[in-house]
Structure formats: structure tokens, C-alpha cells
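This report is a guided reading for someone meeting the structure for the first time. Please keep the sequence and the 3D view at hand while reading.

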Amino acid sequence: MNLKLQKIIPQLITVLVVILVFGFFTYNAQINMENRGIDFGYGFLSQESSFDVQFSLIEYDGSHSYFRAYLVGLLNTILVSVIGIIFATILGVIVGVARLSPNYLINQFAAFYVEFFRNIPLLLQIFFWYFAALRALPLPQDAEAIFGVFFLTIKGLYVPAFIWQNFNIFFYSIIAAIISIVIIRFYAQKVQEIQGKQLPVFWISIGLIFTLPLLSFLIGGVDLSFEIPKLKQLATTSFIYEGGLSLPPELIALTLSLSLYTATFIAECVRAGIQGVGKGQKEAAASIGLNPNQVLKLVVMPQALRIIIPPTTNQYLNLTKNSSLAAAIAYPDLVLVFAGTALMQTGKAIEIVSITMLTYLSLSISISILMNWYNKKIAIKEK
Amino acid sequence: MSKINFLKPDKENLNTLLYMGSFLFLISVVDVFLNSFFNLNLISFLPSSLSFMLPIILGFIGLYFIRIEHSGYKFLDKINKNINTNNFNAILSLLIIFIIIKATPAILSWFVVDASFAGDSKDVCSGTGACWTYIKVWFRRFMYGMYPNAEQWRINLSFVALALLGSVGYFATEKFKKYLTLYYVVIYPFIAFLFIFFFISGGPVFFDFSYGIIAAVISVIIGFFIPSRFKFYYFIFVPITLYIALKYFIFYEELIELGKLEGLNWVETGAWGGLSLTFIISFFCLIFCFPIGMAFALGRRSEFPLIRYISVGFIEFWRGVPLITVLFMSAVMFPMFLPADFFIDKLVRCIIAISLFEAAYVAEVIRGGLQALPRGQYEAAKSLGMGYWRMHIFVILPQALKLVIPGIANTFLALVKDTPLIFVVGLLEIVGMLNLAKTNPKWLGFAMEGYVFAAIIFWIICYAMSKYSYNLEQKYKTER
């Protein structure tokens, strides 16, 4: 009895203190809101927002609701995070491998890159790219074309837009290619198990992924044309590019700094992962007759990935959360659109900040659940 | 002398190949060098695409010729082993050498040669180089924010004094070494707080904060003498009670008078800024986030399920949201949760928010250390008859903390790098001051210099911290 009580009392007291603190907060919030004449509720989400956002992936203007504004912000956040994650991963893997290179110059160069970008605050880097580096770009009328189609100007990057005809068929052909590759891999594995023969799966896959979409162009009636941006004069000194896709400088500065910064951390994860695979593993694999490619693919990478993935997931989460720094350079992400403009207009501090935080919380929790699942799948099954 | 096979360099024609190879390599380097430093193009008579590629091709052939294993020349072997192992590496090495040669004059001219240092107005900055005059003129603002010029000696004095007091650990004799932990955990932060409260602020800024600090320090000191069984209840109740008692029974005006030293003006926190604010915020957050994080790390491994759930919830919540939204919360949402007459300075709110945020990360790092300890340590401590607190303070935590020094250092680095975010609540540390100075109509167009300056400062701070943590790690590394 005494022992049981000893276990229950501390818990009860802690819970009581937590409840008291929360009760104190909610009580104050109620009184404060009554005093200021604000009512609590999420009804404002369906009201007309009446503010514009300069860059949005979905159709949006002032006549849409606050909820639509929230979606615009969320999509912009996701856009930046996804682009950032892709570039950071590519760069991080390259730099991480380069740090292990036997070439002295290359690994020193990689080490310099990591030490340099890791030790400067991300916000400072964003400001640097946005206010200093990208401001040095030419005006639209002075910009020189890169490969004749890209225009990098102070107002952003203009790229040609794709104009598809019968895009569905192209899309289906890619899906068909992926499905057939999966089937062939499965079949090849079976063949190898039964007959011991190795089919050239890699080459077959490459062939499939190129030929099927190509066939869709030749037979399926798919057509692709490009719309190249053209310079247009608005006033005597004001020029703009029309047509094509335009990426605002905020987006460029943000993705650039996010991926350069996060890549340093990913590089360290990759380096640790590859170093974590014992030398004996490679030697053992080579001694049973695997060629260097197979050693890398079948022995080193699976073990290295096991070490690399958990910290890299953390870095992806950090990148997603760091994308909220977009608010500092007025890229319309979730924080700027919703926790900034919408909050200013409605004054619903508690509702809006809580929605914003919950969104980030669920984003990061869903990424970490996904990665935990993957991690569990590839983890060593201990007996 | 045998016939030379240029496609397969070997040892027999070592000298010939070596001379030819080095000659070609040197030519390529000299060409790039002249090109970038003196703007001389030796091979301009060639078509432009060829003259662009020629140094790489020549250098590549040169490196190919000198790639001879076991040549007998130590230097050559070293080069081959380090930068010239195969064709791919040779090209990469060449590219890096050329990039360095190409970039050096541009960087040098911007930083030093064409830069302007003299004068104190914008007029001296007309060259293509950096305008360090801008930094010189704005230096005080970047360091001290809007803190009045005449009062800045207070910040300097406090920082120097705190640095001296902080270095006490190096000079302590054996006799005092055992008190160092107590000194650094309780006394030093308290002295630091007093310095900032009396000296830098010199007025009623840190009110509620100061009550909190006094309550925490008193309760921690008394807490050492509380028997282990009651420690938990003690730490849950006494600090809050003390805080409330201090807040309502010590009179406001008396503390204002106490906070004012003779002849010192009160400087509002809104005027603080620049690098000194970065230091103040990092310092306090560092001090606060550590014990909070430790408490939640222990809570997460507690045997009581409810405490465990609360800790997990706390940690995962703070780790899941970006700091910028936390600061937003502290700015617009937090005042709603407090009684109307309860005013907390925005700097203090900021410090609390960042501390809680970083505490969650510290908690996870410490939990890693706790999990890495073998069960035997816990069992051994228990079998010696130690209670929960004694076991953790004397056996578990010293070992666990030793293990996680790199992780904790990384968290602190992240903290320092996160301080610029306080622009959200309107406080301007060095990056914020840069953005403010950049918009000054008299000094338009020097954004680059400002950011480079701040980047150098942050880089030095962070690099020094990471090297220091590496040293600590080596120092406390014990055989396991």
C-alpha cells in the first residue's frame, strides 16, 4: 500500500501542477479576451480575406477565404521545403563523399565548404543572398540569356514553360514503365533464385523508362512545346518578361540558402555513415567475388544507409522548419501569409498561432513517422 | 634509353616524362595565373573555346605524364598519392587549383586592394572594392545597438568582468576545484544576472525575471540540504511559492530603488542591440535551457507513466515547431495568457521562449547519453543504497553528460545561430542592426559589406565554440 502510494503521489502532483498552470493561462486568456472584446472561434477561416499574395501555386486573390490563404501559404512552404530537400540531398551526398576522397585538394575543399556554411547563421545567409547577392543581378532589359532560354534578372529567374498536349498519355506511359520495371525486377530475382542467372535488370529498366515515354510521343499523340519568356516594355524604363514561368527572387534566395546550409549537415551524416561501415565488410565482400559496384550496392550502401537515414531525416525536418525564415524576406510562406498578414487583419492571435504551430507539428510528425517506418524496415533484425 | 611510350608512363623514362609533365602542368598554371592576376591572355590567338579549355587539357596531359608509381622521388610520390591518383581525380584537382587561382585576385581586390578604409563618409567609397568605412562608422551600432554612446562602458565593463569571473576555473587550486560545479551552475549565473540587472539595464527591466532568478537560486541552494525523498516535492512547490512570495511581499518601489545604482541611467531593453545583445541572449538561454532540458530528459526516462507522457509531450511539441513561430507566440499570444497587470519585458519573453525551445533539444541529447549508459551503472548505484537523486547526481549524469558533449555543443551552436531570429519581436541584434543600417538613406548600397562583416564575426564565434567542444570531448574522453 505504502509503495503504491509512493508511486501515485508524485504523478498526481505533477499532473495537478500542469493542470493548474494551464488553467491559469486559459482563465487569463478568457478574461483578457473579454476585456478586449475578442471572441474565440475559427469562423473567420471562411470569411473573405481581402489581401493579395504575390506568389501562389493555386488560384488566389483577395476575394477568397482565409482558409484559402492558409492553403496558399502551406503550399508555398511545402514547395520551398521539397526543392530545398532535393538540392540539399544532392549537394550533401556529393560533399559527404568528397570529404572521404583520397584526393587531398578535394577533401580539403569539401571540408572548407562544410566548416564555412555550417558556422554562419541561416538567417544571415538568406539575407546575404536576397539583399546582397541577388540584388547585384542585371535588370530585365540588360539580362543575358543563359542557353538562350533562361533569364536571370533582379526580378527573378524566368524559365520556359512546358506546354503539353495529351499530358495524361505521357503520364500513364511513365507509370506503365515504372510498373513493368517493378515486375521485371521481381521476375529477375526469381530467375536468379531458381537458375542462378543474373538478368541485366539495370539496362532493361533504363531502356523501358526512356522508350515508353518516347513511344507515347511517336504514337500516342503527345506533344511538347516550350514557351520562351519574351521581354516586354511596360514604360520607358520598366521592362518585364512575359510568358514562361517566373520564379521570384525570394524563392531563389530561400532555396539557395536552405540547401547550401542543410547540405553541410547532410554531408556530415553521409560521411559518418560511410565511415561507419567497417573496412572488413568491404574486404569480405570483395573476397567472395563481388565486383566494386556490387560491393558498394549490396554491402556498403545498405549498412551505411542505416546509419545515414535517421540523422538525415532530422535534417529534412530542420529544413522544413527553417523554411519559416521565409517571413524575413517576404516570401509568402505559411508564417508570412497566415501568422503575419492574416493575424494582423483579424487579430485572432491565439487561433492563428495555434493553427500555424499545429501545421508545422503535424508536418514534422508525419515526416518522422514515415522515416521511422522506413528506418524500422531497414534496421538490423536482431535475434 | 628505351623507346618512350607516352600512353603508358613508366619508370624507365622517368626523367623525360617528369620534365615534360611538369613543364606542361606549369604552363597551364602560369597561363591561368597570368590570366587572372594580370589580365594577360597568352593564347588569345587561338579560338575562344579552345583557349578556354587549353589549360585544363595541358595540365591533364602533364599530370598524366607524371603519374608514375614508385618513382623514387618522395615529393612526386606524395603528389601522385594525394592529388593525382587517376584521371578523374587529376581533372578535379586541376579544376580546384584553377578555381583558387581565378578567385584569389577578385577576392583580394574586393577585400583589401580596392577597398576603402579611411574617412568617415560615403564619399570615400567609390571604388569597386568593399567599403569598410561603412562598418567603421556604424561599428558602435553593430556592437551595442541603440544603447547610448556615453553609457557603453557599462556593457564593456560587465563583459570584461564576466569573462574574468568565468575564467576562474582555470586558476582554481585543487582545494577549490570541488566547488567549481556549484560556482558555475549557481553562483556565476547569479553574478552575471546581477551585472546585467544593475549595470547594463540599471532600472526596472527584469522585474518578474529577477524575482524568478532569486527564487530559483535560493531554492537550488537550499535544495542541496533537502533529504532525497522530499526533493521532488520540494522542487515542485518551493520555487513557485518563493516566487509568489517575493512578487507580492517585496515592494515594487523598493526594488526599483535597489535596481538603480547611483549615477546610472536606466536603459530600456528596446535600446539594447547589436552583438552585445546576441551575447546576452545566448548566455541566458544557455544557462536556462540546460537545467530545464536535464529535468525533461530525466522525466522522459522516469518510471512514472504520467510524468513520462508529460515530458514526451513537452519535448515533441517544442521540437516540432519552428523557432520563429515560438517567438511569434511569445510576442502576440503569450501576453493574452497572463493577467492584465502582469507585464513581462519582451527581451525576457524572448529569453524564456528560446530557452524552452532549446531545452527540448538539450533534453533529447541528454536522453541519448542516459540511454547509452549500461544498466550496470544504475544497478551498481542502487545496490550502494543511493536514492534517485544521489544516483543521478553522482553516478549517472556525470557519465552521461560526458558522453554527449558534442551533442550539447551542437545545440548551443544552434542557439547562437538562432539568436538573429529575435527580429520577430522587434529586438535588433547584429543582423537586425545591419538591416536597419542598410536602409539608412545616407548609406544605401552597402548590404554586402555588412553581411560579410557579420558572417565573419559569427563564423569566428561558432568555429571557436566547435573547436572548444572538440577539445572538451578529448579531455573528458575516458576509456570504456
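## A strand with two faces

Along strand E2 (residues 150-153) of chain A, which side chains point to one face and are buried, and which point to the other and are not? In this predicted model, A:Phe151 and A:Thr153 point to one face and are buried, whereas A:Phe150 and A:Leu152 point to the other face and are not buried. In a regular strand, side chains alternate between the two faces of the sheet.

Strand E2 of chain A has partners on either hand in the listing of strands that follows. Strand E1 (residues 145-146) of chain A runs antiparallel to E2(A) and is joined to it by two bridges, with A:Ala145 standing opposite A:Phe151. Strand E3 (residues 156-159) of chain A also runs antiparallel to E2(A), joined by three bridges, and here the bridge partner of A:Phe151 is A:Tyr158. The connection from E2(A) to E3(A) is a hairpin that passes through two residues.

## The helix at the start of chain A

Helix H1 of chain A covers residues 2-36, and its 35 residues reach 51 Å from the first C-alpha to the last, which is close to the 51 Å expected at 1.5 Å a residue. H1(A) is hardly covered, since the count of buried residues among its 35 residues is zero. A:Gly37, with a positive phi near 70 degrees, follows this helix.

## The nonpolar cores

The largest nonpolar core has 157 residues, and those with the most contacts inside it are A:Leu124, A:Ile126 and B:Leu327. Helix H16 (residues 346-372) of chain B gives the most to this core, namely 16 residues. A second core, separate from the largest, has 13 residues, among them B:Leu24, B:Phe65, B:Leu76 and B:Leu94. In soluble globular proteins, nonpolar side chains tend to be buried together.

A:Leu124 can also be followed across to the other chain: leaving aside residues up to four places away in sequence, A:Leu124 touches B:Pro420, B:Val431, B:Tyr451, B:Ala454, B:Ala455 and B:Phe458.

## Where the chains meet

The contact takes 50 residues from chain A and 45 residues from chain B. Several helices of chain B each supply at least two residues of the side that touches chain A, including H4 (87-113), H11 (228-249) and H21 (447-475). The largest share of that side, nine residues, comes from H21(B). By type, the residues of the side of chain B that touches chain A divide into 36 nonpolar, seven polar and two charged.

Terms used. Residues numbered from 1 in each chain as written. Chains lettered and ligands numbered in written order. Predicted model: local features only at pLDDT ≥ 70, side-chain atom pairs only at ≥ 80, totals over all residues. Core = buried A, V, L, I, M, F, W, Y, C linked by C-beta atoms within 7 Å. Buried ≥ 20, exposed ≤ 12 C-beta atoms within 10 Å, placed from the backbone. Helix = DSSP H or I, 4+ residues; strand = E, 2+ residues; numbered from the N terminus. Contact = placed C-beta atoms within 7 Å. Pairing = 2+ DSSP bridges. Nonpolar A, V, L, I, M, F, W, Y, C, P; charged D, E, K, R; others polar. Expected span 1.5 Å × (residues − 1).
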